[in-house]
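I opened this model to make notes on its chains, its backbone and its charged contacts. The entries below follow the order in which I looked things up.

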Amino acid sequence: MALAPERPRIYEGSRIPSPVPTMLQVPPDLRGSEDLLQVNFGPNHPSTHGVLRLIVDLHGEDVVGLNAVIGYLHTGFEKNMEAKTWWKAITYPERIDYLSFQNNELVFVLAIEKLLGLEVPEKATWMRMCLAELNRIHSHLVWLGTAALELGSISMFWYCFRERDSILDLYEMVCGARMHTRYFQAGGLAEDIPRGFFPDAREFVDWMPKAVDDYEGLVDKNEIWLERTKGIGLLSADDAIALGQSGPVLRGSGVDWDLRKSEPYLAYDQVDFSVPVYENGDVWDRYKVHMDEMRESTRIIAQCLDRLEGMEGQPWIADDRKVVLPPREELQTSMESLIHHFKIVTEGYRVPEGEIYVAVESARGELGCYVVSDGGPRPWRVKFRAPSFVALEATATCMTDALVADLIAIVGSLDTVMGEVDR
Amino acid sequence: MAAADYLGWGSRGVAGYIGNAAGRDLNRPGSQGLERTPEPKPKRFAMSYHLLAIPGARRVRVQAWLDEDEPVPSVVPVWPTADWHEREAWDLMGIRFEGHPNLSRILMDDDWEGHPLRKDYPIGGEPVRFSGEE
């Protein structure tokens, strides 16, 4: 089938630029050359996935200098969260990474629960896992659709958004909102799982592997796609680790590292799935990691559905009235429930003093949440370790010896969401 | 420890000085029957470095306490990934890193004044243009 040329082997040693590891500086012999052209790329450009600005120095078609400028979408989420009660702050994380929203919500809720020492019912754990994996597929689909669109594969976008829409339909059924669901509460879920969810989710699980085959059928033997992705944007395993990469970028560089396996949270140690790892560290391998992950996520969802279907009638949220809102119907009859409800909504609950770092594997890699509580009803400090922010740091290394046309493919393959980069 | 053994993601910024900063007293835990008073940190800022060793999946948190205007050595030569994290900590918290190759603002504008994530920088600290009062 070998349509594309042989791939160059991954480089030896380190290619991280020095002294600034995230900036490609024009080599001294080219400085002052008349052939040098500085081009401003972004912040408003259709292929920058939002508002990324790249200042590129070109020598002919070769990229010899690169500086990424971020901050155009800085909205001060972390500062805002300090001013909200814990209860209200849950709405913020999902807006940080608006494609992987459920994982962002999850990490913050897990952090609160750890500080509170709250036990979560089994049903909530499995439902969280189910939704987190659905969300991973959702995020990968948007990535695949837009990244392929930028490389000229327009029809891919429509296929991806077809499946994305059925995921959002599932979300709408469960949470009432298509994105930014706020379905995870400290202690469990906001509501019980609706009955219609299972047949629709089953239908999706049956369909999704075929859809992934469809996507691969569209581009895997397409010579343009192969030429533009194979051997482009090389990042060796050592460089990926030194640059703090995680998620598909790290696994595309041959490092077998997935928090779901290495530091299992939720119930990931009880499901059967494998972690795709590819060796060559180019755009093609990152693409393949994404495709395989969608298949694996589908397998996890199927196992979650098996478990959840046997849990009908079980509680979906912890029974701790100091933290969890009382059931709605009790407000009519119980004075105590009314008081609890009032206290939680107006003042919020208090979280014991402490600091904690919780990390989950979001669609883009290690999403960490560092939370400091001073014992009050509001977080003292919330800090997100955003995987996209770190992925963008690798741009300069990946762009070494690249052509200007590869820029689009490389930035696309790092799978960044600017909302998360800038927070 | 070799740099390559670690993913040096420093989750930076302030762990918190928990003291009597203006406005905090309203929220003292004592007001709801919780008697515990938080231990104040010895200095104003706490720099937290979250380090991870991939072999064995071990995590370490290293914390350095700093006073205002007290610089901290940059870790970029050891962990290149710290580059943007340190720039962010400088930008939003005003922590100076000695030996950082490119310590400039990253999220805020280059000519921004102040460090927004500090507790004495209020929400709404940014002047609003074309407000009703003009």
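Entry 1, chain B. I took helices as DSSP runs of H or I with at least four residues and strands as runs of E with at least two, numbered from the N terminus. On that basis I found one helix and five strands in chain B. I read their order along the sequence as β-β-β-β-α-β. I noted that the model is a predicted one. I then looked up burial and found that 47% of the 134 residues in chain B are buried.

Entry 2, chain A. I listed 17 helices and nine strands for chain A. Its radius of gyration is 23 Å, close to the 22 Å from the globule rule for 423 residues, so I put chain A down as being as compact as a globular protein of that length. I noted the span of its C-alpha trace along the principal axes as about 80 × 45 × 35 Å. Of the 423 residues in chain A, 62% count as buried.

Entry 3, backbone. I went through the peptide bonds and phi angles next. Most peptide bonds are trans, and most residues other than glycine have a negative phi. I found a cis peptide bond between A:Ser18 and A:Pro19, with omega at about 0 degrees. A:Pro19 sits in the segment before β1 (23-24) of chain A.

I noted a positive phi, near 45 degrees, at A:Leu266, which is not a glycine. I placed A:Leu266 in the loop between α11 (259-262) and α12 (283-309) of chain A. In chain B, B:Ala57 has a positive phi near 50 degrees. B:Ala57 belongs to the loop between β2 (45-53) and β3 (58-66) of chain B. Its relative accessibility is 23%, so I entered B:Ala57 as partly exposed.

Entry 4, helix α16 of chain A. How many of the ten residues in helix α16 (residues 404-413) are buried? I counted eight, so the helix is mostly covered, because buried means under 20% relative accessible area. The buried residues are A:Asp406, A:Leu407, A:Ile408, A:Ala409, A:Ile410, A:Val411, A:Gly412 and A:Ser413. Just after α16(A) I found A:Asp415 with a positive phi of about 55 degrees.

Entry 5, A:Pro377. I located A:Pro377 in the loop between β8 (365-373) and β9 (379-385) of chain A. Is A:Pro377 buried or exposed? A:Pro377 counts as buried, because its relative accessibility is 5%. I also checked A:Pro377 against A:Gly348: the two are 29 residues apart in sequence, and their C-alpha atoms are 5.7 Å apart in space.

Entry 6, salt bridges. I obtained 42 salt bridges over all chains. One of them joins the side chains of A:Arg128 and A:Glu113 at 2.7 Å, N to O. This pair links distant parts of the chain, with A:Arg128 in helix α5 (residues 122-150), A:Glu113 in helix α4 (residues 101-116), and their positions 15 residues apart in sequence. Both A:Arg128 and A:Glu113 are buried.

I then looked at A:Lys123 and A:Asp192, whose side chains meet in a salt bridge at 2.9 Å, N to O. A:Lys123 is in helix α5 and A:Asp192 in the loop between β6 (188-189) and α7 (197-219), 69 residues apart. A:Lys123 is buried, with a relative accessible area of 3%, whereas A:Asp192 is partly exposed at 29%.

My next pair was A:Arg162 and A:Asp214, with closest N and O atoms 4.0 Å apart. A:Arg162 lies in helix α6 and A:Asp214 in helix α7, so this salt bridge ties together parts that are 52 residues apart in sequence. Both are partly exposed: A:Arg162 has a relative accessible area of 38%, and A:Asp214 has 35%. I also recorded one network, in which salt bridges with shared partners join A:Glu133, A:Arg136, A:Arg251, A:Asp258, A:Arg260, A:Glu293 and A:Glu361.

Entry 7, surface patches. On chain A I found a nonpolar patch formed by A:Leu149, A:Ile154 and A:Trp158, with about 330 Å² of accessible area together. A:Trp158 is part of helix α6 (residues 154-175), and its relative accessibility of 58% makes it exposed. On chain B, a patch of negative charge gathers B:Asp109, B:Asp110, B:Asp111 and B:Glu113 on the surface. B:Glu113 lies in the segment after β5 (97-98) of chain B. I entered B:Glu113 as exposed, because its relative accessibility is 68%.

Conventions: Residues are numbered from 1 along each chain as its sequence is written. Chains are lettered from A and ligands numbered from 1 in the order in which they are written. This is a predicted model: local features need pLDDT of at least 70, side-chain atom pairs count only at pLDDT 80 or more; totals for chains, interfaces and linings use all residues. Side-chain values use heavy atoms; hydrogens and water are left out. Patches are made of residues with over 30% relative accessible area and no salt bridge: like charges are joined within 9 Å, nonpolar side chains (Val, Leu, Ile, Met, Phe, Trp, Tyr) within 5 Å. Accessible areas come from the Shrake-Rupley method with a 1.4 Å probe; for residues, only the protein chains shown count as cover. Lys and Arg count as positive and Asp and Glu as negative; His and the chain ends are not counted. The place of a charge is taken as NZ of Lys, CZ of Arg, CG of Asp or CD of Glu. Buried means under 20% relative accessible area, exposed over 50%, partly exposed in between (1.4 Å probe, protein chains only). The radius of gyration is taken over C-alpha atoms; the globule rule is 2.2 Å times the number of residues to the power 0.38.
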